[in-house]
Every structure is written in structure tokens, then in C-alpha cells.
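Please open the model in your viewer and keep the sequence panel visible. The stops below are given in the order in which to select them.

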Amino acid sequence: MRSRVLRTAIVAVTTATGASPMLAQASATTTVTVSAQVVHGLLFVKASDVDFGVVPAGSGVNVLLATDPGAGQLNLFGQNGRTVTVTISAPAALTSDADALPFVGAASVNESADDPAGALPATVGPSFTMKLRDQGPAKNQRVGYVYLHGAITVGPAAPPGVYTGTITVTAEQ
């Protein structure tokens, strides 16, 4: 009796919901695409530091251009055709112990050749973008050129010494 009541209840639920025992056994198939884009990491290779050389006291504003021998140069290697965001942070002064010389950092970028004369001005402080072009030494590795330069002010009372500072350059893709 009990099994007849249970069978009757199952038939009643199946009929009331419109479900059919045949539909419960149906199957479906689909496909999903899996993809990944592999990119090469970024690498800075420092070709030179920024060097104003020997500067006489009282010489005033000394400007170092991207084309001058003392300009700094960084070669940025990465994935061909990738747009890279570059941020340059420069100190407001070069220091020697407690003494300081005002410094205004500048940068130039050349996306197509190792040629500071053809470089375009870039911002120091806010970030800028550059595109890595086809000229690197390895397969699918490309390079962009960043030139660092600027100006220092040397007053007549500037104490003698070696004045230094650090420019930080960050690249992200």
C-alpha cells in the first residue's frame, strides 16, 4: 500500500510540473575557447648616467641637452608594437652633504632610432606613452630610447663638492 501511494505521488508531481522522465535524461554539449596572450617583459638597459661634468661656481644656469655628451640614455626593451607608459621622477635639487643645487629634469624619447637629435620632448613627473618599435636585437624584442638631461643652477656662493641626485624611471605595459 505504501509503495502504491509513493508511485501515485511521483506520477502526480511529474504530471503537475509538466516534467517528463525522458527530459531528465537529455544532454547538451557546447565549446568554450581558451586563449592567452604572451608578452615579453620590459627591461631597461642603462647606456649612460646624466653628468654635467665640472661646473664653475657662479656659472648660473647650466643646460644639458639630449644631444650633449653628458646626457643620460636608457634603452627600453619589450614586445614589438606594445604601447608602454613611462613615468620619470627627478629630484628638485642635486645635493652634496647639506648643500644643494636646483635641478630641473628633462627627458626626450625616440621610438624609431638611437638618435637623440631626432628625439621628441617627454614629460618629467606625469607619465607619457611610447610605442616600442621593430629594432631590437632578438626575435620579437623591440626597443625605445629615453634620453635624460636637464639644467642645474650654480650660484657664486655654491660650495665646492660632488652634487648628486637620483632620477627614477618606471615603465609599465
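Among contacts in the protein chain between residues at least 6 apart in sequence, what percentage join residues at least 24 apart? The share is 75%, where contact means heavy atoms within 4.5 Å.

This is a predicted model, in which local features need pLDDT of at least 70, side-chain atom pairs count only at pLDDT 80 or more, and totals for chains, interfaces and linings use all residues. Residues are numbered from 1 along each chain as its sequence is written, and side-chain values use heavy atoms, with hydrogens and water left out.

**Whole chain.** Colour the protein chain by secondary structure: there are 1 helix and 10 strands, in the sequence order α-β-β-β-β-β-β-β-β-β-β. Helices (H or I, at least four residues) and strands (E, at least two) are DSSP runs, numbered from the N terminus. Of the 173 residues, 28% are buried; buried means under 20% relative accessible area, exposed over 50%, and partly exposed in between (1.4 Å probe, protein chains only). Turn on the surface: the chain exposes about 11,200 Å², with 57% of that supplied by carbon and sulfur atoms. Areas come from the Shrake-Rupley method with a 1.4 Å probe, and for residues only the protein chains shown count as cover.

**Ser108.** Select Ser108 in strand β6 (residues 99-110). Its relative accessible area is 8%, so Ser108 is buried. Show side chains, and a polar contact of 2.9 Å appears between Ser108 and His149. A polar contact is a pair of N or O atoms within 3.5 Å; within protein, one must be able to donate a hydrogen and the other to accept it, and residues adjacent in sequence count only if both atoms are side-chain atoms. Leaving out residues up to four places away in sequence, Ser108 also touches others, including Ala66, Ala119, Tyr145 and Tyr147.

**Ala119.** Go on to Ala119, in the loop between β6 and β7 (120-122). Ala119 counts as buried because its relative accessibility is 15%. Beyond four places in sequence, Ala119 touches Ser108, Val109, Asn110 and Tyr147. For a distance, pick the C-alpha atoms of Ala119 and Tyr145: they lie 8.4 Å apart, with the two positions 26 residues apart in sequence numbering.

**Asp97.** Next, select Asp97 in the loop between β5 (93-96) and β6. Asp97 is exposed, at 81% relative accessible area. Its phi is near 55°, a positive value in a residue other than glycine.

**Ser89.** In strand β4 (residues 83-89), select Ser89. At 39% relative accessibility, Ser89 is partly exposed. Its contacts beyond four places in sequence are Thr166, Ile167 and Thr168. Ser89 and Thr166 are 77 residues apart in sequence but 8.5 Å apart in space, C-alpha to C-alpha.

**Gln173.** Move to Gln173, in the segment after β10 (168-172). Gln173 is partly exposed, at 38%. From Gln173 to Gly41 the C-alpha distance is 8.6 Å, across 132 residues of sequence.

**Largest pocket.** Finish by selecting Val50, Phe52, Leu94, Tyr163 and Thr164, which lie nearest the centre of the largest pocket among its 32 lining residues. By class, the lining has 22 nonpolar, 7 polar and 3 charged residues. Strands β1 (43-48), β3 (72-79), β6 and β9 (141-154) each supply at least two lining residues.

Technical notes
1 Å grid on protein atoms, 1.4 Å probe; cavity = no way out; pocket = protein on both sides within 12 Å on 5 of 7 lines; lining within 4 Å. Nonpolar A, V, L, I, M, F, W, Y, C, P; charged D, E, K, R; others polar.
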